[in-house]
Amino acid sequence: MDDYVGYNHIKIDPGDDEKTAFRTPLGNFMYTVIPFGLKNACATYQRTMMAISYDLFHEIVEFYVNDLVIKSKKEAAHLVDLRRVFIRCRTCTLNMNPLKCAFKVTSGKFSGFVVNIQGVQMDLDDQKVILNMS
């Protein structure tokens, strides 16, 4: 699943928003949410996701930046796991992009790796590139 506008879920502390000020011909502005280009945006987002899913992480959820994988050992448990994650997303007001979500997938690529029932493996295409390097 793809977290829709992921960084924009994280509000900047009101005391720190003036540090993000910028000027345009229309006036001066400040960010109220973490902007994508901020140096620590990735780390802050990752830390936020860890805090949100502390009890689900590595058990049924894996995430990298704004992508989430919900994994289940048994097909029957997958709907229960999906429900747990969706309830958490709703509670924390995280929105997923439905156009970038796939459900009931038994194998797929995730952040350059192949995820399947055996676990996480390196993508064969990436292996070929490395093996064929001069």
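Helix 2 exposes A76, L79, V80, R83, R90 and T91 on one side. On the other side sit its buried residues: H78, D81, L82, V85 and C89. Seen down the axis, these buried residues fall within an arc of 105°, so they line one face of the helix. The model is predicted. Besides helix 2, this briefing covers the largest pocket and the largest cavity.

**Helix 2**

- Helix 2 runs over residues 75-91, 17 residues in total.
- At 1.5 Å a residue, helix 2 should span 24 Å, and its end C-alpha atoms are 25 Å apart, which agrees.
- An α-helix has 3.6 residues a turn, so residues three or four places apart point the same way.
- The buried residues of helix 2 pack against two strands: strand 3 (61-64) and strand 4 (67-70).
- T93 follows helix 2 and has a positive phi, near 50°.

**Largest pocket**

- The largest pocket holds about 1,200 Å³ of space.
- Its lining counts 37 residues, and V69, I70, K71, V105 and V115 are the closest to the pocket centre.
- Six elements each give two or more residues to this lining: strand 3, strand 4, helix 2, strand 5 (108-110), strand 6 (113-116) and strand 7 (119-122).
- Strand 4 provides the largest share of the pocket lining, with four residues.
- By class, the pocket lining has 17 nonpolar, nine polar and eleven charged residues.

**Largest cavity**

- Rolling a probe the size of a water molecule over the atoms shows where empty space is left.
- One cavity of 30 Å³ or more is present in the structure.
- The largest cavity contains about 60 Å³ of space.
- Its lining is made up of M49, I52, S53, L56, V61, L68, V85, R88, C89 and L94.
- Helix 1 (41-52) and helix 2 each supply at least two of these lining residues.
- Helix 2 gives the largest share of the cavity lining, three residues.
- By class, the cavity lining has eight nonpolar, one polar and one charged residues.

**Where the topics meet**

- V85 and C89 are among the buried residues of helix 2, and both also line the largest cavity.
- Strand 4 packs against the buried residues of helix 2, and strand 4 also gives the largest share of the lining of the largest pocket.
- Helix 2 contributes two or more residues to the lining of the largest pocket and three residues to that of the largest cavity.

How values were computed
Residues numbered from 1 in each chain as written. Predicted model: local features only at pLDDT ≥ 70, side-chain atom pairs only at ≥ 80, totals over all residues. Heavy atoms only, no water. Expected span 1.5 Å × (residues − 1). Buried < 20%, exposed > 50% of the residue type's maximum accessible area, 1.4 Å probe, protein only. Arc of directions from axis to C-beta. Contact = heavy atoms within 4.5 Å. 1 Å grid on protein atoms, 1.4 Å probe; cavity = no way out; pocket = protein on both sides within 12 Å on 5 of 7 lines; lining within 4 Å. Points joined across faces, edges and corners; volume = space filled by probe spheres on them. Nonpolar A, V, L, I, M, F, W, Y, C, P; charged D, E, K, R; others polar.
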